[in-house]
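Reader: I'd like a close look at one part of this model, with the cut-offs spelled out as you go. Can you start at one loop and work your way to the binding site?

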Amino acid sequence: MKLSIVYSTQQTNFQAATFSGGLEANLSKISDYGYDGVELAIRDPKLVDLDDLTSMIQKFGLSVPAIGTGQAWGEEGLSFTDPDLEIRKAAIERIKSHIPLAERFNAVIIIGLVRGITKPGLKQEQTMDWLCEALLQCCSSAMTQGVRLALEPINRYETTLINNVAQGMELISKVAMENFGLLLDTFHMNIEEPNIEESIKLCGNRIFHFHVADSNRWYPGGGHLDFEAILNSLINAGYSGYISGEFLPFPDADIAARRSINYLQNIFH
Ligand code: LER
Ligand code: MN
């Protein structure tokens, strides 16, 4: 299995972006530690020098399995389910603006917290309708470029919309687009899934991307999740994509990144 780790092109409030800041120094470390790929967290493609980014990624021989977009919500408040139509439109445009880069790298576009939450006073049915509509628009645009979107079930303390795999699979049926699937994250699964291995099986070929962090959101091996069982069920589900580290930079980003890759490689061997 191929391993990647999250790097944010901007400094960010999101604590589990393991690496952020200086592009060249970070990519160099990620490649030195033995990672095959880097997952890019990009608030807005307009803020990034895309040619520089591409040439640095090529220089270090890395792949880009996925592009994270959650900072559009975390730092700008854009969401698919805001009651303000203009904000919903801006969120859709922002996600569409990631499509050319995703096509260039053959990366999936992650729909994390940009889906938003059901704000007080709104009905869940209404926000789910807005969510489906936004996903349909984004998936239709992405489809013409051969790009896939992966929505991440996120735990109840961060959102009210799609907390677990069962809800995610229901959404997949509603959206009914071939290029729409899920990103599963072991940190959220540990909180929300009745049984992590069974939920992986349920998601099957709709697993478009996979995040690993341990129960405490430290590097795998730093908590009490059974990664051997989790990774086995992922292989049995036919998943052949990247396992992407998204964990707290604890005790620091470098130690966490090295401990994670050692731990995961030992399981594979
Ligand atoms: C992003 O991948 C994630 O896992 C969420 O916790 C974002 O808040
Ligand atoms: Mn995640």
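Author: Pro251 sits in the loop that links strand S9 (242-245) to helix H11 (253-268); helices are DSSP runs of H or I with at least four residues, strands runs of E with at least two, numbered from the N terminus. The bond leading into Pro251 from Phe250 is a cis peptide, with omega near -5°. This is a predicted model, in which local features need pLDDT of at least 70 and side-chain atom pairs pLDDT 80 or more, while totals for chains, interfaces and linings use all residues. Residues count from 1 along each chain as written, chains are lettered from A and ligands numbered from 1 in written order, and side-chain values use heavy atoms, without hydrogens or water.

Glu246 brings us to the binding site: an N or O atom of its side chain is 2.7 Å from an oxygen of ligand 1, a polar contact (N or O atoms within 3.5 Å). His188 and Arg217 each place a polar side-chain atom 2.8 Å from a ligand 1 oxygen. The protein buries 89% of the 260 Å² that ligand 1 exposes when taken alone (Shrake-Rupley, 1.4 Å probe).

Around ligand 1 you'll also find, among others, Phe14, Leu113 and Ile154, each with a heavy atom within 4 Å. The shell splits into three nonpolar, two polar and five charged residues; Asp, Glu, Lys and Arg count as charged. Ligand 1 takes up the space of the largest pocket, an open set of 1 Å grid points where a 1.4 Å probe fits, with protein on both sides within 12 Å along at least five of seven lines.

Another loop, between strand S6 (149-151) and helix H7 (165-175), holds Ile162. That residue isn't glycine, yet its phi is positive, near 65°.

Terms used
A polar contact is a pair of N or O atoms within 3.5 Å; within protein, one must be able to donate a hydrogen and the other to accept it, and residues adjacent in sequence count only if both atoms are side-chain atoms. On a 1 Å grid over the protein atoms alone, a cavity is a set of points where a 1.4 Å probe fits but cannot get out, and a pocket is an open set with protein on both sides within 12 Å along at least five of seven lines; lining residues have an atom within 4 Å of a point. A molecule sits in a cavity or pocket if more than half of its atoms lie within 2 Å of its grid points.
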